[in-house]
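Here is a short briefing to read alongside the model. Please keep the sequence and the 3D view open as you go.

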Amino acid sequence: MGSVSINDISNTETCSSTDGVRHKNNGAQQHASESSDEGEKRGQGRVEEQINNEHLRRIEAMFHEADTDGGGGLDMEEFREAMKKIMGKVEDEDVDIIFMKVDTNCDGSVDWDEYLNYMLLEYREKDSLQKQNRPLYFPKPLKVVPVAHCEPIVRIQFHPFQSLQADKKGGNAPKTRMQLGRYLTVSRDGILNYWSERFKLTRTINLDQLKHTQLTSHPQQIWVTDMICLSNLNLLALATTGRDVEFFDISANKCDLVFSLTGLEGYVAVMDYWSDGTKGVFCAGDVDGAISVFISHNVVQNGLFNSGAIKSIKPGGRTRLAVPALFKNTSNYYLCFKVTLHNTWCHQIRFLPELNAVATCCTSDQTAMVLTSIPHSHKAKVNNSAFQLRKGILCFDYSAEFNIIVTGGFDRIVRVWNPYVTNCATSQMKGHSTAVTFISVNGQINKIISISKDKNVRVWDLQDCACLQNIHSRNMPMGRFPIYSMHYNPDKHTLVMGTFVIGVLHGVVDDVDSLDKLKTSHENSLCTALYNCNFKQVVSGCHNGVVSVWDILTGDKVMQFQTSPEKAVEVTAMSFDGPKRRLITGSKDGMIRLWNFNNGALLLTLPLLEENEVTGILYINQRIYVSGWSKKVMWYLDVKEDMEMECRVWNQYHTEDIFSMHAHGNKMLVTASYSGDIIVWNIDSGRAFFRFNAFESPRPLMPNRVIDLSQSLEACKDSESCSSVLSRTSDEDEDETEGPEGHNETHSHTSSPQANWTSSKQTEVTQEIKEDVENNMSSNSARPKSKEKKAKPAPIGAEELERPRLAVEKALFLGTRERSPDTAILLTSAADGYIYAWSIHHQGGLLGKFKAVHGDSTSISSMSTDLHNQMLLTGDSQGYIMLWNIGKYCYCMQGGQESLCQQPGDINLPSLIPKYCNLEGPRRIVTQDASKQVIDGWTVSLVPPPLLSSWRCHVKSIVSLEYVERFCLIVTASLDCNVRLWTIAGGYVGTFGQAPWRVGYPNAFPWDLPLDLRRVGSSQTLKVLNQGRRPHWNCARRILHALTVQRQQASMSSAADNLQELVATDPRIAKYTDEQIEQTWEKWAMKGKQKSSILGETYRQKIRHHLPTCPPDLQSSFSSREQLRVYKAMPCTALLPIIQPPEPNLIKEQLQKTQEGADNTKNTRQKSLARRAPRRFLGASRELCKKITIVQCLQSSHITP
């Protein structure tokens, strides 16, 4: 119980609904001060981190003691007093947050079981969230580098470029995180390759063909067993099966044999070298289980080996050092010894300077790994410490940070050992299915990397002993052979593996900011994002069914859960309940679920009424209203667990899918569909009393009841029940003319032709439905059971093709406005990019419309307003956001003029937007010439509201945006998988899931803009995001505008005059006089008249073809949306017509003779075709070929025969 952590007291601070009303009337300066105070509270530490096991016991006791009324639980006052007694001085707001999170059913009391259950669920979900959000150590796929090898790569080494000053001083070389160098690989047949850091091959050396090597003198093929790089000496040691160790000089870019160690009893299998700049240790393990250690106390000055042990130096040959002579230790500057440790060959050897010992391993059970201490002199005894393990050890690595040894072997288990405890391992990690052949540990980041024989790469957490990443062998396209060599670079987090090819895995880099910029808030596209004012959290849902909870003050993710654990189902709609303590989600399969989004607990699953996608959810009057692709509106009564669920389905008035739903207080509900119909409902009675459709009429229309014929046929199988159903249908149609307050409204005052046509049309539709039901019943009874051919589908008409442009994307009520004929309280956005303002009154209708997007193929995908409806926020399908001042738009219109309506005490939000946000350039909304439009005698205003600002927030469509009143911030969610936070002035706060921020501290905001916006952002977007900076934008914009006019008009004179004016106003060009510009031009012109003093007059400077003075006149096609632009042009000349040479007379005569001979000898050739025809044809063909060749030669020389 002591490990339980409640991370919710100060992590998600609360603001009640009354607080929201209190703060919304304050100025911008007070908003900033409140944000700063809350940021300081976050920086002081979280209260829940102080809760320990003792506090939990006291809290449990206080639950029983503080229950004064004996109700079995604590109300908010009792819970507040109990927490203050235990935790000391705690803010009431922090305690109230915990109480609201636990009391999800809103019954006003919390008991101990409910509190403990909440804590356990929260701890489990946050632990799962922490595991899911762990970044992959190797985020990129394997990079395969092909190598021209006939044998596998036996060793990979990294040779860093050492500092010469460090070598001369004999001190430690300065180690940097990004140490430059090169990679060296050697194959078993002796092919040495030099690679750059990006694995570009720079040099290849065949060691067998070197002049000074004698590897080919042996009667049998010699294989390379190991290679080690002596970086500070610029030497390369190469061990082969010839029982010699060759040392090559690899300084600069050469590879020359310097000397070799000879006299070894067995050939060397593994080697290792270590140096701190002064001392050097060279170790070698052979196939007999013996190790040889060579130590030099000053390797830079004296070298690695004693020069007195030189065996022979032949003229033109190589220097050979006898190993038995080195073991005599004739010099005090060196120490050499040899000891036999294993009964089989060594698999790995390494010197551990922290332990002053040499570690070796083999496959023997008794001596799986042996630590051999380094004696202080050659006379001292060598001490050994053996580790016993069944099946032995194949590989190991040492971590100096934790003083542990990590091993792997045939038993497929990764073990962690204490160097001073040899009988058992401290921890084990299982997961490999074959033997572990390579292992490496990085103690700085607590990671272990292991590779098995089947090319399975695993990354382990050193503290939790859990597998963080598993790269399967199918993702390692390195051939069918196992991995023969491995090198891990901890400085650059790069893992290099070798078989017959090279495989490279690039790990995470140290620059965390660069990694955060590449992250997205969700893995899939967003469906919506909501702001909760109680807990100051943003809740977002994606198409993968994942819901994430973010802290708006810091950008941290506090919770994440899956709405459909069995199968990922897309979340299509979300909403909060009335107290904003529960989250309601709707999915693509029609399921409605209630969640405690603070701990991810599923509270309730509502009954499934329609298996269609849910597009809208509202919580009104203890009811949950749902709409979607079922074309109907249904509601569920929010009841407690022990009560029976009540649900109803309203009558259907939509013929297409419902796209949006919104409410005006608790009286009116509006739904908008794909067909362009907008239905206004009375919430209390569930009746539809108005229908609007901008493409049919600007006036209110009567709703048309839609009846499903299939359901009517099933209900009318009985003839007696059929009449009752039809009569009941007609009665319901007559009664459904209620107003929003619930009383019936008469529409006799509507004397317009449109209203009469609608009424008659409704009667005709009802009569047609009755006739269709009766006809279908009679036809079903008389229809035989034989199969009939299906009729071909009718072709799609123009109305069906135009229907997508009629779809209403969003519907938004202006809640602070009252119903009146001259005031618009409903805004809708259609797929054509227009926003329509409607008056919900029997004498009202469409009052105004304006185009809110730039371009024909762009539509408004989301809309939102502030609490006082002063500002309208729109987001389009291109990722742009626009802020409109709608305080006076279509409000109390009298005779086409708008009257002012200023509410005292309100903040003037448009005054908070700087002037540099004013829209300019090509994205400026062009107003129409006419200020109004008359449709069927009804006047519609075409004047748009003032546009305050616009910038691009995302690269894809914005699906949701919400204005946070308390902090003057804007939350946007898009299909580009990101949820972002912006200031009202267009300042970029951050992207949720990337670098954190602190609201109230602008200096803590990320200065770098998102990478995607920097690539595609327009000048207007960059100007807003950079707070108006960029002084040369005006000059560049004017020059581009002049060039555009030049291209359109194709007039060089006018364009030259315009450019001359721009040049005169440009401060960078105006400082030069006309004489200086003319002299510069003459200087460049004289370059074409230069002559060579050597070649004389025959010298001609190379002429560079200039581009044409004006681009060619290209006509854009009818289907193209943009005019063609010329970026490059090449000089060209018109093609000349091809003149065919005259046909020679010789060929004409020959063809004529051939034709005459063929006619005369036709009968003769038919009789003797089998005998004589081949010879004559062959002779004639040869003669004709000769003549044709002669003619071609004459034609080529232009000689007429």
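Ser548 has Gln560 of β34 as its bridge partner. Please bear in mind that this is a predicted model. The points below start from that strand pair and its sheet, move on to a second sheet and a helix pair, and end with the repeats.

**The sheet around β33 and β34**
- Strand β33 covers residues 546-551 and is joined to β34 by five bridges, with the two strands running antiparallel.
- Both strands belong to an open sheet of four, ordered β31-β32-β33-β34, with antiparallel pairing.
- At the edges you will find β31 (526-532) and β34 (557-562), each of which pairs on one side only.
- On average, neighbouring strands in this sheet are turned by 15 degrees against each other, direction ignored.

**The sheet around β46 and β47**
- Another open sheet is built from five strands in the order β43-β44-β45-β46-β47, and its pairing is antiparallel.
- Its edge strands are β43 (658-664) and β47 (697-701), and each of these pairs on one side only.
- The average turn between neighbouring strands here is 15 degrees, direction ignored.
- Within this sheet, β46 (residues 688-693) runs antiparallel to β47 and is joined to that strand by two bridges.
- For a spot to zoom in on, try Arg691, which stands opposite Leu701 in β47.

**The helix pair α4 and α5**
- Helix α4 spans residues 76-87 and helix α5 spans residues 92-102; they pack at an angle of about 120 degrees, with their axes 10 Å apart.
- Angles over 145 degrees count as roughly antiparallel and 65 to 115 as roughly perpendicular, so α4 and α5 are oblique to each other.
- Their crossing is right-handed.
- From α4, the contact involves Met76, Phe79, Arg80, Met83 and Lys84, which meet Asp92, Val95, Asp96, Ile98, Phe99 and Met100 of α5.
- By class, the residues of this contact are seven nonpolar, four charged and no polar.

**WD repeats in the UniProt record**
- The unreviewed UniProt entry places the feature "repeat: WD" at residues 393-418, 429-470, 519-560, 571-605, 853-886 and 951-984.
- In the model, residues 393-418 are 0% helix and 58% strand, and the end C-alpha atoms of this span lie 15 Å apart.
- Residues 951-984 are 0% helix and 59% strand, with end C-alpha atoms 11 Å apart.

Definitions and conventions
Residues are numbered from 1 along each chain as its sequence is written. This is a predicted model: local features need pLDDT of at least 70, side-chain atom pairs count only at pLDDT 80 or more; totals for chains, interfaces and linings use all residues. Side-chain values use heavy atoms; hydrogens and water are left out. Two strands pair if DSSP finds at least two bridges between them. Axes are lines fitted to C-alpha atoms, for helices over the stretch in contact, and angles run from 0 to 180 degrees between N-to-C directions. Angles under 35 degrees count as roughly parallel, over 145 as roughly antiparallel, 65 to 115 as roughly perpendicular and the rest as oblique. A crossing is left-handed if the near helix is turned anticlockwise from the far one by less than a right angle, and right-handed if clockwise. Contact means heavy atoms within 4.5 Å. Ala, Val, Leu, Ile, Met, Phe, Trp, Tyr, Cys and Pro count as nonpolar, Asp, Glu, Lys and Arg as charged, and the others, Gly among them, as polar. UniProt positions are given in the numbering used here, feature names are shortened, and annotations may be inferred rather than shown by experiment.
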